[in-house]
Amino acid sequence: MLVPILSLRRCLQSIALLAALLPPVCLAATPVYGYKVVAKYPHSTSSYTEGFFYLNGLFYEGTGLKGHSELMAIDPATGQILQHVTLPSQYFGEGIVDWGPNIYEWTWQSNIGFVYDRFSLRQVAEFHYTGEGWGMTRTDREIITSDGTSMLRFRNPKDFTETRHIVVKDGGRAIEQLNELEYIKGEIYANIWHSDRIARIDPRDGHVIAWIDLTGILPDDQKVDGEAVLNGIAYDAEKDRLFVTGKQWPAIFEIKLVPPPGK
């Protein structure tokens, strides 16, 4: 039996040598998209943007800060507020999302959210949850929420209960401080608090498909302070238009994505 054992050893040694000679496997870096500004729209520098979406020709915006939190319907062309409702002063408004004839808005640390009739902005219900409220968006079946961590939770719109969750990662690195959200063409777009990048996330497993680098879209000298950060993504599905803005920014930008070389 000596010969077969020696043959097996030689075979294993050959395999090991071949593996050593092969080049190492390199993981492809996550692609980073640039941007081109195609249009600008007015935005109030008093609006501390926490929630943002586009629907039927209007921008809907939810703002934060206690005593200054509002839900507004806005004419994109003029920036005129067509309808608005002010939250009680004890609440810090956060993300908003449309669901059927209603709009949901939740709050940062108060564990209470409000349901409004979308056409009158009259409050019609309240809901409760645990943890912090940050961003919201939706698919056709679920509401997706962020809470400032690397986790996104999928919720039943009827009672806001969690049905599943994903942890957002770029490679093996968890991406923390996920903020305002938008669901676009089967992907979740997420602002990262205090970052000029937007993550494009696979809703199935949470991996970052690509990044959008918006560095320089609003010069620093046009920001009121260090908290005037990028935070606000909206999408016009009918005309395939992507909008971004930030807290107390003077403008909303319509952008086109510029793919990296080779894409």
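Rings of Phe, Tyr and Trp, the last taken by its six-membered ring, count as a pair if their centres lie within 6.5 Å. In this predicted model, the count by that rule comes to 19 aromatic pairs. A pair of aromatic rings is described by the distance of the centres and the angle of the planes.

One of these pairs is formed by W106 and F160. The ring centres of W106 and F160 are 5.6 Å apart and the planes stand at 75°, so the pair is edge-to-face. The two residues come from distant parts of the chain, 54 residues apart: W106 belongs to strand β7 (residues 102-107), whereas F160 lies in the loop between β12 (151-155) and β13. Both W106 and F160 are buried.

F127 and Y129 give a pair with another geometry. Here the centres are 6.1 Å apart and the planes are at 45°; the pair is therefore tilted, since tilted covers the angles that are neither under 30 degrees nor over 60. F127 is buried because its relative accessibility is 7%, and Y129 is likewise buried, at 8%. Elsewhere, one aromatic cluster is made up of Y41, F52, Y54, F59 and F243.

Aromatic rings also take part in contacts with charged groups. The charged end of R164 sits over the ring of F154, at 3.7 Å from the ring centre. R200 lies over the face of Y33, and in that case the distance to the ring centre is 4.9 Å.

The strands β12 and β13, already met around F160, belong to an open sheet. This sheet has four strands in the order β10-β11-β12-β13, and the pairing is antiparallel. Its edge strands are β10 (136-138) and β13 (162-167), each of which pairs on one side only. On average, neighbouring strands of the sheet are turned by 25° against each other, with direction ignored. At the β10 edge, three bridges join β10 to β11 (residues 143-146), and these two strands run antiparallel. R138 has I143 in β11 as its bridge partner.

The next topic is charge pairing. Side chains of opposite charge can pair when their charged atoms come close. With a cut-off of 4 Å between a side-chain nitrogen of Lys or Arg and a carboxyl oxygen of Asp or Glu, the count comes to 10 salt bridges.

Among them is the bridge between R204 and D202, whose closest N and O atoms are 2.7 Å apart. The two partners differ in exposure: R204 is exposed, with a relative accessible area of 68%, while D202 counts as buried at 4%. D147, R153 and E162 are joined into one network by salt bridges that share partners. Within this network, the side chains of R153 and D147 meet at 3.5 Å, N to O. R153 is partly exposed, with a relative accessible area of 23%, whereas D147 has a relative accessibility of 15% and so counts as buried, the limit being under 20%.

Another salt bridge involves a loop residue on each side. D240 and K185 form this bridge, with the closest N and O atoms 3.2 Å apart. D240 lies in the loop between β20 (230-236) and β21 (241-246) and K185 in the loop between β16 and β17, so the pair ties together parts that are 55 residues apart in sequence. D240 counts as partly exposed at 34% relative accessibility, and K185 is exposed at 64%.

What sign does the phi of K185 have? K185 has a positive phi of about 50°, although K185 is not a glycine. The loop that holds K185 runs between β16 (178-184) and β17 (187-192).

L121 is another residue of this kind: its phi is positive, about 60°, and L121 is not a glycine. L121 is found in the loop between β8 (112-117) and β9 (123-128). Is L121 buried or exposed? L121 counts as buried because its relative accessibility is 3%. K185, by contrast, is exposed, with a relative accessible area of 64%. The two loop residues thus share a positive phi, but L121 is buried and K185 is exposed.

Conventions:
Residues numbered from 1 in each chain as written. Predicted model: local features only at pLDDT ≥ 70, side-chain atom pairs only at ≥ 80, totals over all residues. Heavy atoms only, no water. Pairing = 2+ DSSP bridges. Axes fitted to C-alpha atoms, helices over the stretch in contact; angles between N-to-C directions. Buried < 20%, exposed > 50% of the residue type's maximum accessible area, 1.4 Å probe, protein only. Lys NZ or Arg CZ within 6 Å of the ring centre and 35° of its normal.
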